Amino acid sequence: MSEETPESAMIEKIRTALKLVIDPELGYNIVDLGLIYDVAVKDGHEAIITMTTTTKGCPATDYLRMGARDAAFSLDSIDEAEIILTYTPPWTPQMMSPEAKTHFRIAD
Amino acid sequence: MMAMPGATLSRWTLAYFAAAVVSLLLAEGLMAAGFGYPSAGIRAPETLAVVHCVTIGWMSLLMLGALFQFVPVLIAGPIHDNDLPLPALVLILLGLLTLIASFLQLAGLLPPARATFLIATVLLGAGFTLALWVLGRTLAGAWPLNLPAQFVAVGLASVAATAAFGIIFTLGFGGWAGSPALARLHALGVPLHIIAGLGGWLSFTAIGVSHRLLAMFMLSPELEGASVRWTFRLGCLALAIIIGVGAVVAAAGHDPGWVLALGGLAGLGCLGLYGRDAVQLYRKRLRPLIELNSRMAAIALLHLAAAAILITFCTLSGLLGRSVGALVFLSCFGWLSGLGLAKLYKIVAFVTWLECYGPVLGKTATPRVQDLVVEPRAVKWFWLYFAAVDVATLCLFFGLVHGFRTAAATMCLATAGIALELVRTRRLSNVKEPLRLPQGVREPRLLFTVIAN
């Protein structure tokens with residue numbers, strides 16, 4: 001079992017904060033939808049979030065990026081954030097959490 | 001650097017939608033009142049006034065408004081100029097009113113004035129040119145175009161062709177077309193004008209955009225490869241034959257009937273492949289429960305299939321001449337308007353969500369797009385609309401004028417019900433407190449989008 005470090009605790013806090021951001025079309029938070037590919041913390045105060053959107057060219061893309069940045073900023077210890085948007089690999093509904101899959105009735 | 005989110009919102013799309021819905025209500029009201037076909041002849045000026053209220057006022061403004069919002073989505077780039085669509089809308093509306101007035105003059109309902117057709121031509125020509133400039137420049141910034149954008153580009157070329165035919169006809173009506181070739185085009189080219197408009201501009205563009213929108217809204221895998229490419233090629237071939245060859249044949253004074261048949265074969269192939277693609281998109285969707293817009297789009301697609309089958313049957317059995325009014329009506333209202341109303345219901349909610357809640361995402365809890373609408377309340381208007389369209393089509397087939405007028409009045413009622421739902425969506429009336437207006441969110445304007453910086 002891996003030991004919790006201050007950095008992994010911070011990453012978990014960021015992931016929790018990111019749950020405030022929903023994909024407007026699906027109406028579910030971007031963490032459980034699997035749109036957050038990676039969260040890292042640099043120097044204890046900078047969040048680096050790698051994310052995608054359900055479809056390339058989605059009109060909500062920039063709002064989602066800024067939403068992710070603002071959610072990270074809601075934590076007192078984060079004062080810088082880099083949001084990396086990627087489509088590699090492309091998102092599929094199989095990346096959803098089990099709860100989200102159940103919600104959308106998507107089979108494993 | 002992070003892009004400005006507002007760059008993905010079209011400022012004037014809502015104004016186009018409002019003008020479009022008012023035009024549809026007006027046209028349905030006129031049909032219910034017995035104005036134009038079938039109370040008057042199919043080529044009577046009264047009929048032409050109603051037809052252009054539908055095709056320019058309703059369907060073209062709806063399509064242009066949607067394209068200003070979704071072409072940037074298709075190409076994943078910004079719109080070329082977010083302000084020019086407003087003068088384009090004003091010019092098109094003034095041109096449409098002048099065109100309708102010109103037809104009413106021809107019908108003897110207004111005092112004659114020869115210049116009105118010319119003024120209508122100039123205003124409509126200028127309005128569509130501006131709109132095409134914005135969309136064309138937006139597409140040009142994303143060269144080489146992806147396949148959905150290629151459909152739109154061909155649609156834009158088709159609206160230019162439709163407008164060119166229309167200009168020739170209006171000049172002919174006003175007595176300004178002196179050349180014999182133009183006079184022959186005026187006499188023989190009406191089917192080319194109709195097919196360029198309904199087929200090339202409205203249907204072909206809708207086919208291209210719907211590939212993407214259906215996949216996006218139902219979480220279906222994007223269709224790629226040979227099938228969609230052949231849909232595109234066959235559609236282009238059909239349009240090139242009908243518009244290109246047809247225009248040459250008509251200008252030479254020959255009946256373009258055989259050209260229509262040849263182009264129609266390619267068009268049927270295109271529709272057949274599109275039908276197969278649409279079935280794939282619905283069957284392979286990863287979202288088992290689909291929203292009202294996707295369900296109603298499926299009903300519109302069934303109307304397209306019915307129209308294609310009936311047009312083929314009537315052509316082969318020699319019934320096309322007497323059933324053309326019913327078939328065009330079915331294509332306009334069952335397929336194009338049905339799809340248009342379904343997607344309008346979704347796009348208004350989506351654009352309103354982006355405008356109001358996009359800027360506060362991550363700062364506060366926000367509603368879903370679906371929280372802006374109440375589908376169980378809206379769906380009855382859609383069913384009423386499609387049922388009324390089907391009854392109206394049957395009445396046209398069997399020559400039942402009073403039945404048609406009653407069905408048109410029902411369509412008008414259903415459209416008004418849908419329009420009221422759109423206003424409620426725009427007013428955020430369906431969003432429950434406290435999510436409705438959190439700090440930093442203002443109630444949106446009805447007719448335009450306020451783009452946050």
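**Figure 1. Leucine 96 of chain B in its helix.** In this predicted model, B:Leu96 is found in helix α3 of chain B, the helix that covers residues 85-106. B:Leu96 counts as buried, because 24 other C-beta atoms lie within 10 Å, and a residue needs 20 or more such atoms to be called buried. When the neighbours within four places in sequence are left aside, the residues in contact with B:Leu96 are B:His52, B:Ile56, B:Gly57 and B:Leu124. B:Pro78, by comparison, is separated from B:Leu96 by 18 residues in sequence, and the C-alpha atoms of the two residues are 29 Å apart in space.

**Figure 2. Chain B as a whole.** Chain B contains 13 helices and 0 strands, so that a reader who follows the chain from the N terminus meets the elements in the order α-α-α-α-α-α-α-α-α-α-α-α-α. The C-alpha trace of chain B spans about 65 × 50 × 45 Å along its principal axes. For 453 residues, a compact globule would be expected to have a radius of gyration near 22 Å, and the 22 Å of chain B agrees with that value. Of the 453 residues in chain B, 52% are buried. Among the contacts in chain B between residues at least 6 apart in sequence, 80% join residues that are at least 24 apart.

**Figure 3. The two domains of chain B and the side on which they touch.** Chain B is divided into domain 1, residues 8-143, and domain 2, residues 323-445, and the centres of these two domains, taken over C-alpha atoms, are separated by 20 Å. In chain B, 22 residues of domain 1 are in contact with 24 residues of domain 2. On the side of domain 1 of chain B that touches domain 2 of chain B, helices α1 (13-32) and α2 (45-75) of chain B each supply at least two residues, and α1(B) gives the most, with 10 residues. Sorted by class, this side of domain 1 of chain B has 16 nonpolar, 5 polar and 1 charged residues.

**Figure 4. The open sheet of chain A and the helices that lie across it.** In chain A, 3 strands form an open sheet in the order β3-β4-β5, with mixed pairing. The strands β3 (36-42) and β5 (80-85) of chain A stand at the edges, where each has a single partner strand, so one side of each is left without a neighbour in the sheet. From one strand to the next, the twist averages 15°. Strand β4 of chain A, residues 46-51, pairs with β3(A) in the antiparallel sense over 6 bridges, and the bridge partner of A:Lys42 in β4(A) is A:Glu46. Helix α1 of chain A, residues 6-18, lies across β3 and β4 of chain A and runs at about 135° to β3(A), while helix α2 of chain A, residues 61-73, lies across β4 and β5 of chain A and runs at about 150° to β5(A).

**Figure 5. The contact between chain A and chain B.** Here 25 residues of chain A are in contact with 25 residues of chain B. The element that gives the most to the side of chain A that touches chain B is α2(A), with 10 residues. By class, that side of chain A has 14 nonpolar, 4 polar and 7 charged residues.

Notes: Residues are numbered from 1 along each chain as its sequence is written. Chains are lettered from A and ligands numbered from 1 in the order in which they are written. This is a predicted model: local features need pLDDT of at least 70, side-chain atom pairs count only at pLDDT 80 or more; totals for chains, interfaces and linings use all residues. Domain bounds come from an automatic or database domain assignment. Two residues are in contact if their C-beta atoms, placed from the backbone, lie within 7 Å. Helices (H or I, at least four residues) and strands (E, at least two) are DSSP runs, numbered from the N terminus. Ala, Val, Leu, Ile, Met, Phe, Trp, Tyr, Cys and Pro count as nonpolar, Asp, Glu, Lys and Arg as charged, and the others, Gly among them, as polar. The radius of gyration is taken over C-alpha atoms; the globule rule is 2.2 Å times the number of residues to the power 0.38. A residue is buried if 20 or more other C-beta atoms lie within 10 Å of its own, exposed if 12 or fewer, and partly exposed in between; C-beta atoms are placed from the backbone. Two strands pair if DSSP finds at least two bridges between them. Axes are lines fitted to C-alpha atoms, for helices over the stretch in contact, and angles run from 0 to 180 degrees between N-to-C directions.
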